[in-house]
Amino acid sequence: MYNGNNQNNWSKPRNDQKNSYSQEKETPAIKHEMLTKDNYSDLAESIFKGKNGDGDLITKSKIRNLLAMAIEIYYALPQKNVGEKVELEDILDRINYFKIRCYYEASREKKVEGFLKDANIFEYLEEFGKLASGKKDEAKDILEQQFILFVRYMEALVAFRAYYIEKK
């Protein structure tokens, strides 16, 4: 029976426990380069250049599966020449789902986690949410442009993994 007096110790945080709900998180400084038309290929190449095909690298099929998920979002972007309309929230929803899938795949295999961290995939996906915070039409255009570069970056990662690792 509840007497209105909460005496349970399990519901109170200990003094040595951090309460993550009450503490503000610091926003980390960006540790990676923004993707541009000029650098996405070089950034992708730098992930695999000089690596050998030892067992700690992401498999070809796994990286292609990640690319396929990104391409699904790319094809959902509005085609301006057809006059399609897609809401900004719909694009962000798809990107957030892709981010969740990436975390899931990273939790299943250390190779995938290492690749996603080396390639800054989580950081790029986080940036999409920040890009969408401006004026709706401008934010949508910027988000679309950056996501297209991101998909090209993912394609370059697949290509350079094949070139540097498969040819050996």
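A residue counts as buried when its relative accessible area is under 20%. In this predicted model, 36% of the 168 residues of the protein are buried by that standard. The tour below moves from the whole fold to single residues.

**The whole chain**

Display the protein as a cartoon and colour it by secondary structure. Six helices and zero strands appear, and along the sequence the pattern reads α-α-α-α-α-α. Next, switch on the surface. The protein exposes about 11800 Å², and 48% of that area is supplied by carbon and sulfur atoms. How many of the contacts between residues at least 6 apart in sequence join residues at least 24 apart? The share is 78%. Several of the stops below show residues from separate parts of the sequence side by side in this way.

**Stop 1: the loop before helix H5**

Select Asn-120, which is placed in the loop between helix H4 (110-118) and H5. Asn-120 is not a glycine, yet its phi is positive, at about 60 degrees. Showing the backbone atoms here will make the turn of the chain easier to follow.

**Stop 2: a pair of tyrosines**

Continue from the loop into helix H5 and select Tyr-124 together with Tyr-153. The count of aromatic pairs in the model is eleven. Tyr-124 and Tyr-153 form one of them, an edge-to-face pair with 5.5 Å centre to centre and 75 degrees between the planes. Because Tyr-124 lies in helix H5 and Tyr-153 in helix H6 (residues 136-166), the pair ties together parts that are 29 residues apart in sequence. Are these two rings buried or exposed? Tyr-124 has a relative accessible area of 3% and is therefore buried. Tyr-153 has a relative accessible area of 1%, so Tyr-153 is buried as well.

Now add Phe-98, Phe-128, Phe-147 and Phe-150 to the selection. Ring pairs link these four residues with Tyr-124 and Tyr-153 into a cluster.

**Stop 3: the cavity**

Keep Tyr-124 and Phe-128 in view and look for enclosed space. The model has one cavity of 30 Å³ or more, and the largest cavity holds about 40 Å³ of space. Which residues line the largest cavity? Select Met-34, Leu-35, Tyr-124, Glu-127, Phe-128, Leu-131 and Gln-146 to see the lining. Helix H5 (residues 121-131) gives the most to this lining, with four residues. By type, the lining of the largest cavity divides into five nonpolar residues, one polar and one charged.

**Stop 4: a buried lysine**

Select Lys-99, which is found in helix H3 (residues 88-108). The relative accessibility of Lys-99 is 16%, and because the limit for buried is under 20%, Lys-99 counts as buried. Leaving aside neighbours within four places in sequence, Lys-99 is in contact with Leu-125 and Glu-126. Display the side chains of these three residues together.

**Stop 5: along helix H6**

Select Ala-156, which lies in helix H6. Ala-156 has a relative accessible area of 9%, so Ala-156 is buried. Which residues does Ala-156 touch, not counting residues up to four places away in sequence? They are Tyr-40, Ser-41 and Ala-44. From Ala-156 to Tyr-40 there are 116 residues in sequence, but 7.8 Å in space, C-alpha to C-alpha.

Move on to Arg-161, also placed in helix H6. At 7% relative accessibility, Arg-161 counts as buried. Beyond the residues up to four places away in sequence, Arg-161 touches Phe-48, Ile-58, Thr-59, Lys-60, Ile-63 and Glu-166. Draw a distance from Arg-161 to Ile-58: the two are 8.8 Å apart in space, C-alpha to C-alpha, and 103 residues apart in sequence.

**A review of the route**

For a final look, display the residues of the ring cluster and the cavity lining together. Tyr-124 and Phe-128 belong to the cluster, and both also line the largest cavity. Tyr-153, the partner of Tyr-124 in the edge-to-face pair, lies in helix H6. Helix H6 also holds Ala-156 and Arg-161, the residues of the last stop.

Definitions and conventions. Residues numbered from 1 in each chain as written. Predicted model: local features only at pLDDT ≥ 70, side-chain atom pairs only at ≥ 80, totals over all residues. Heavy atoms only, no water. 1 Å grid on protein atoms, 1.4 Å probe; cavity = no way out; pocket = protein on both sides within 12 Å on 5 of 7 lines; lining within 4 Å. Points joined across faces, edges and corners; volume = space filled by probe spheres on them. Helix = DSSP H or I, 4+ residues; strand = E, 2+ residues; numbered from the N terminus. Nonpolar A, V, L, I, M, F, W, Y, C, P; charged D, E, K, R; others polar. Buried < 20%, exposed > 50% of the residue type's maximum accessible area, 1.4 Å probe, protein only. Contact = heavy atoms within 4.5 Å. Phe/Tyr/Trp six-rings, centres within 6.5 Å; stacked < 30°, edge-to-face > 60°. Areas by Shrake-Rupley, 256 points an atom, 1.4 Å probe, with all protein chains shown as cover.
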